[in-house]
Every structure is written in structure tokens, then in C-alpha cells.
Amino acid sequence: MEHLETYEEEKRRLIENSQRHKEELAEQLKEITAHSKKLTTNALVIGGSLILTYLVVRQFVGGKTKKKKNKNKKKQQEEEEDEVEQHSSVTSSIFSQVGDALITHASIILLDLAKEKLSNYLESRKAEDEDS
């Protein structure tokens, strides 16, 4: 009888330990999942801002080269319209300057946002390291 009672007590203790470990693992899994979601969100924001900046810059820079090629073709084909081209050149120069300013400001804003997100992430990471 004593052997049976000892066996039952040992079995109960092992089941309790198993349940406690299971709960701890579930809690750790929740923490890891929350941390992963936060990291993913930050990475997507930073990556998205960099991609958006790249696309905006690419759009304006790519447009300028096409205009220059078109202007060179027009000069070769139509030398009589020099005055019209000079006027369009001045206009496109103004638009180019405005576009450059917009690109610069958008890049600064997006990079500032990415910097802020990155610094927040690094601060939270540092705080987590200090806590553990």
C-alpha cells in the first residue's frame, strides 16, 4: 500500500511540474510572439520608408534623363524652334528645382521617421536586456 501511495504522490508531483512548465512555455511563447510582431512592424515601416524614398527619387531622376534625351532629339530635328525650347527649358528647370526640393523634403521626413522608429526599437531592446 505504501508503495502505491508513494507512486501516486510522485505521479501527482510530476503532473504539477509538467503543468507549471507548460504554462511557463506558453507565457514565453506569447512574449516572443509579441516581440516578433513589434520587430516586424518596425522593419516594415523602416523598409517601406526607404522603398518609398527610393521610388520617389527614381521617379524624378528617371524623368529628367528622358527629358534631356528628348531635348537633344528636338535640337537635332528642329533647329528653328530654339526660342521655344529655351522657354520650355526654363520651365522644366523650374519644375526640376521644385521636384528636387520636394524629393529632398520627403526624403528627410521619411528618414527622420525611420530614425525615430529605429531609435525606439533600440531603446526598447536595451531596456529588455537590462530587465533580463
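**Entry 1: the charged patch**

Before hunting for charge on the surface, I fixed my terms: Lys and Arg count as positive, Asp and Glu as negative, and His and the chain ends stay out of the count. I also kept in mind that this is a predicted model.

With that settled, I looked for a patch of negative charge on the surface and found Glu-128, Asp-129, Glu-130 and Asp-131 gathered in one. I then checked where Asp-129 sits, and it belongs to helix 2, which covers residues 82-131.

**Entry 2: the chain as a whole**

Next I stepped back to the overall fold. How many helices and strands does the chain have? I got two helices and zero strands. Helix 1 takes in residues 2-77, and helix 2 takes in residues 82-131.

I also wanted to know how much of the chain is buried. Of its 132 residues, 10% count as buried. The exposed area of the chain comes to about 11,500 Å², and carbon and sulfur atoms supply 59% of that.

**Entry 3: a nonpolar patch**

I went looking for nonpolar side chains on the surface. Ile-51, Tyr-54 and Leu-55 turned up as a patch, with about 330 Å² of accessible area together. I placed Ile-51 in helix 1.

Is Ile-51 buried or exposed? Its relative accessibility is 52%, and the cut-off for exposed is over 50%, so I logged Ile-51 as exposed.

**Entry 4: salt bridges**

I searched the whole structure for salt bridges and came away with four. I wrote up three pairs from helix 1, including their spacing and exposure.

Glu-10 and Arg-13: these two form a salt bridge, and their closest N and O atoms are 2.4 Å apart. Why are they about one helical turn from each other? Because they are three residues apart in helix 1. I have Glu-10 down as partly exposed, at 35% relative accessible area. Arg-13 is also partly exposed, at 39% relative accessibility.

Arg-12 and Glu-16: their side chains meet in a salt bridge, 2.8 Å from N to O. The pair is four residues apart in helix 1, so about one helical turn separates them. I looked up the exposure of both partners. Arg-12 is partly exposed at 45% relative accessibility, and Glu-16 is partly exposed at 45% as well.

Glu-24 and Arg-20: here I read 3.7 Å, N to O, for the salt bridge between the side chains. Both residues lie in helix 1, four residues apart, which is about one turn of the helix. Glu-24 comes out partly exposed, with 39% relative accessibility. For Arg-20 I noted a relative accessible area of 39%, again partly exposed.

**Entry 5: Asn-42**

Last, I picked out Asn-42, which lies in helix 1. Is Asn-42 buried or exposed? At 12% relative accessibility Asn-42 counts as buried, because the cut-off for buried is under 20%.

Which residues does Asn-42 touch, leaving out those up to four places away in sequence? I found Lys-117 and Tyr-121. To place these contacts, I went back to the helix ranges: Asn-42 is in helix 1, and residues 82-131 make up helix 2.

Technical notes. Residues are numbered from 1 along each chain as its sequence is written. This is a predicted model: local features need pLDDT of at least 70, side-chain atom pairs count only at pLDDT 80 or more; totals for chains, interfaces and linings use all residues. Side-chain values use heavy atoms; hydrogens and water are left out. Buried means under 20% relative accessible area, exposed over 50%, partly exposed in between (1.4 Å probe, protein chains only). Accessible areas come from the Shrake-Rupley method with a 1.4 Å probe; for residues, only the protein chains shown count as cover. Patches are made of residues with over 30% relative accessible area and no salt bridge: like charges are joined within 9 Å, nonpolar side chains (Val, Leu, Ile, Met, Phe, Trp, Tyr) within 5 Å. The place of a charge is taken as NZ of Lys, CZ of Arg, CG of Asp or CD of Glu. Contact means heavy atoms within 4.5 Å.
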